[in-house]
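Reader: Please take one part of this model and examine it closely, then follow it outward into its surroundings. I would like one connected account, with every cut-off stated where its term comes in.

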Amino acid sequence: MAHEAVKASTIRNAVRKAQQVAPAVLELAPGFYAVASKSRPGAGYVVRTYTDGHSTCECEGQERAGYCYHRASVGLRLGTLPSQYLEQAPKHPADTAVLSSARPPLWA
């Protein structure tokens, strides 16, 4: 599903969830991030980012709704979310940088 086709409310809800859950975000390689799952302890999903600001995720929420809190978590950490989704949602509460890929996954 294209980013433009996703309802704004879906993205805002994902941003809100990302702020509440504040999952661990681990940089695997340039443009690839692992984000811990909230619903499946011990699991994580890969979010891929592109130079045009678009991102994708392999989770069920992405498939179902076209956007997920894993993508929102990466966008919040990288500061790449479009401003219209941030008006109702302040900056990510965890004021930490993206974790180095040299560290082990935090959900293992």
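**From the cysteines outward**

Author: With a relative accessibility of 9%, Cys-57 counts as buried, a word that here means under 20% relative accessible area, while exposed means over 50% and partly exposed lies in between (1.4 Å probe, protein chains only). This is a predicted model, in which local features need pLDDT of at least 70 and side-chain atom pairs count only at pLDDT 80 or more, whereas totals for chains, interfaces and linings use all residues. Residues are numbered from 1 along each chain as its sequence is written, and side-chain values use heavy atoms, with hydrogens and water left out.

If a disulfide is taken as a pair of cysteine sulfur atoms within 2.5 Å, the count comes to zero disulfides. Cys-57 is in none, and the nearest cysteine sulfur to its own, that of Cys-68, is 3.7 Å away. Cys-68 is likewise in no disulfide, its nearest cysteine sulfur being that of Cys-59 at 3.6 Å, and Cys-68 is buried as well, at 5% relative accessibility.

Cys-68 also leads to the largest pocket, whose volume is about 280 Å³. A pocket is found on a 1 Å grid over the protein atoms alone, as an open set of points where a 1.4 Å probe fits, with protein on both sides within 12 Å along at least five of seven lines, and lining residues have an atom within 4 Å of a point; grid points are joined across faces, edges and corners, and the volume is the space filled by probe spheres set on the points. Of the 17 residues in this lining, Lys-17, Gly-61, Arg-64, Cys-68 and Tyr-69 are the closest to the pocket's centre. H1, H2 and H3 are the elements that give two or more residues to the lining, helices being DSSP runs of H or I with at least four residues and strands runs of E with at least two, numbered from the N terminus. The lining divides into seven nonpolar, six polar and four charged residues, where Ala, Val, Leu, Ile, Met, Phe, Trp, Tyr, Cys and Pro count as nonpolar, Asp, Glu, Lys and Arg as charged, and the others, Gly among them, as polar.

Tyr-69 belongs to H3, a mostly covered helix with nine of its 10 residues buried, and Tyr-69 is itself one of those nine, as are Ala-72 and Leu-76. Just after H3, Gly-79 takes a positive phi of about 70°.

These three residues of H3 are also members of the largest nonpolar core, which has 11 residues, including Val-15 and Tyr-67; such a core is a set of buried Ala, Val, Leu, Ile, Met, Phe, Trp, Tyr and Cys residues joined through side-chain atoms within 4.5 Å. Helix H1 (8–21) and helix H3 (69–78) each supply at least two of its residues, and H1 gives the most, with four. Val-15 is found in H1 and is buried at 0% relative accessibility; its C-alpha lies 6.2 Å from that of Tyr-69, although the two are 54 residues apart in sequence.

H2, the remaining helix of the lining, takes part in the one salt bridge of the structure, defined as a side-chain nitrogen of Lys or Arg within 4 Å of a carboxyl oxygen of Asp or Glu. The side chains of Glu-60 and Arg-40 meet in it at 2.9 Å, N to O. Glu-60 lies in H2 (residues 60–65) and Arg-40 in the loop between strand E2 (32–36) and strand E3 (44–49), so the pair ties together parts that are 20 residues apart in sequence. Glu-60 is partly exposed, at 39% relative accessible area, and Arg-40 is partly exposed too, at 42%.
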